[in-house]
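The following exercises concern the chain displayed below. Each consists of a task and a solution in steps.

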Amino acid sequence: MTSKACPLCQSSTTHYHADKMRDYFQCTNCRLVFADTESFLDLDGEKERYELHENDPSDEGYRRFLGQVLEPLLPHLEPGLRGLDYGCGPGPALKLLLEEKGFEMSVYDPFYAPDECMLKRQYDFVTCTEVVEHFYAPAKDWHKLTHLLKPGGWLAIMTSLLLPDTDFNAWYYKTEPTHVMFYTPKTMEHIASKFGLVIKYIQSPVIIFNKAS
């Protein structure tokens, strides 16, 4: 099988796993695991999958789910700061939760809130929940994401990490066809180093970064 360059750091990779849906590769440097690009859905197919998700802002279970990222993030923020929910989806529940806490919030989503003007500003903090696993071009996408932060700003990520004791063969997270990038703790360390961030909290599925001042 032909070796593929890592889409995050361009290092060499090895074949990691295969199932009925696709092949997976792992970077020898940053340890990112990624699905074969031939399995990536086109834009229409990707949006069709997203339409199946039920992300109702009024659903208490969904609000509790998002609360996982708020608990470690809020101690670093003061009311009145300006934030962006990147990849908000059709129901921007996290925006509402943060506005309830006294923050000024904007949203961006390439499918549901595609206002590119939101990407021309910088923010005190950025939230990105259940999004980075969907990145088709992670080097480009992480660059875009981290440059939305002001110096000293905070970046809150939610994505299930691929841990040493994860049984990848049985891992539910890879069964969603729009999940194509799977991050290890080592991958997050690489991202922090590459983009001028410091990891302040990492406990799957939440990672909190602070951008250097």
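**Exercise 1: Salt bridges**

Lys150 is partly exposed, because its relative accessibility is 34%. The model is a predicted one.

Task: Determine how many salt bridges a search of the whole structure finds, and examine the individual pairs.

Solution.

Step 1. The search of the whole structure returns seven salt bridges.

Step 2. Lys150 is joined to Asp124 by one of these, with an N to O distance of 3.5 Å. Asp124 belongs to strand E6 (residues 123-129) and Lys150 to strand E7, so the pair ties together parts 26 residues apart in sequence. Asp124 is buried, at a relative accessible area of 18%.

Step 3. Lys174 and Asp19 form another salt bridge (3.1 Å, N to O). Lys174 sits in the loop between strand E7 (149-158) and strand E8 (181-182), and Asp19 in the loop between E1 and E2, so parts 155 residues apart in sequence are tied together. Lys174 is buried with a relative accessible area of 5%, whereas Asp19, at 24% relative accessibility, is partly exposed.

Step 4. A salt bridge also connects the side chains of Asp36 and Lys4 (3.5 Å, N to O). This pair links distant parts of the chain, 32 residues apart: Asp36 is in the loop between strand E3 (33-35) and helix H1 (43-50), and Lys4 in the segment before E1. Asp36 is buried at 10% relative accessible area; Lys4, at 23%, is partly exposed.

Step 5. Glu60, Arg63 and Glu100 are joined into one network by salt bridges that share partners.

**Exercise 2: Cysteines**

Task: Explain why Cys27 and its closest cysteine sulfur are not bonded, and treat Cys117 likewise.

Solution.

Step 1. A disulfide requires two cysteine sulfur atoms within 2.5 Å.

Step 2. The sulfur closest to that of Cys27 is in Cys9, at 3.4 Å, which is too far for a bond. Cys27 is buried, with 0% relative accessibility.

Step 3. For Cys117, the closest cysteine sulfur is in Cys88 at 15 Å, again too far for a bond. Cys117 is partly exposed, at 42% relative accessibility.

Step 4. The structure holds zero disulfides.

**Exercise 3: Sheet and hairpin**

Task: State the strand order of the open sheet of six strands, and describe the pairing of E1 with E2.

Solution.

Step 1. The order in the open sheet is E5-E4-E6-E7-E10-E9, and the pairing is mixed. Strand E5 (104-108) and E9 are the edge strands, each pairing on one side only. From one strand to the next, the twist averages 20°.

Step 2. E5 pairs with strand E4 (residues 82-86) in the parallel sense over five bridges; Leu84 is opposite Ser106 in E5.

Step 3. Strand E1 (residues 13-18) pairs with strand E2 (residues 23-27) in the antiparallel sense, over five bridges. Four residues separate E1 and E2 in this hairpin, and His17 stands opposite Tyr24 in E2.

**Exercise 4: Helix H5**

Task: Identify which residues of helix H5 are buried and what covers them.

Solution.

Step 1. Within H5 (residues 185-194), the buried residues include Thr187, Met188, Ile191 and Ala192. They lie on the same side of H5, because they cover an arc of only 140° around the axis.

Step 2. The cover over the buried residues of H5 includes helix H4 (138-146), strand E9 (197-203) and strand E10 (206-211).

Step 3. H5 lies across E9 and E10, at about 160° to E9. Gly196, just after H5, has a positive phi of about 70°.

Technical notes:
Residues numbered from 1 in each chain as written. Predicted model: local features only at pLDDT ≥ 70, side-chain atom pairs only at ≥ 80, totals over all residues. Heavy atoms only, no water. Buried < 20%, exposed > 50% of the residue type's maximum accessible area, 1.4 Å probe, protein only. Helix = DSSP H or I, 4+ residues; strand = E, 2+ residues; numbered from the N terminus. Arc of directions from axis to C-beta. Contact = heavy atoms within 4.5 Å. Pairing = 2+ DSSP bridges. Axes fitted to C-alpha atoms, helices over the stretch in contact; angles between N-to-C directions. Salt bridge = Lys/Arg side-chain N within 4 Å of Asp/Glu carboxyl O.
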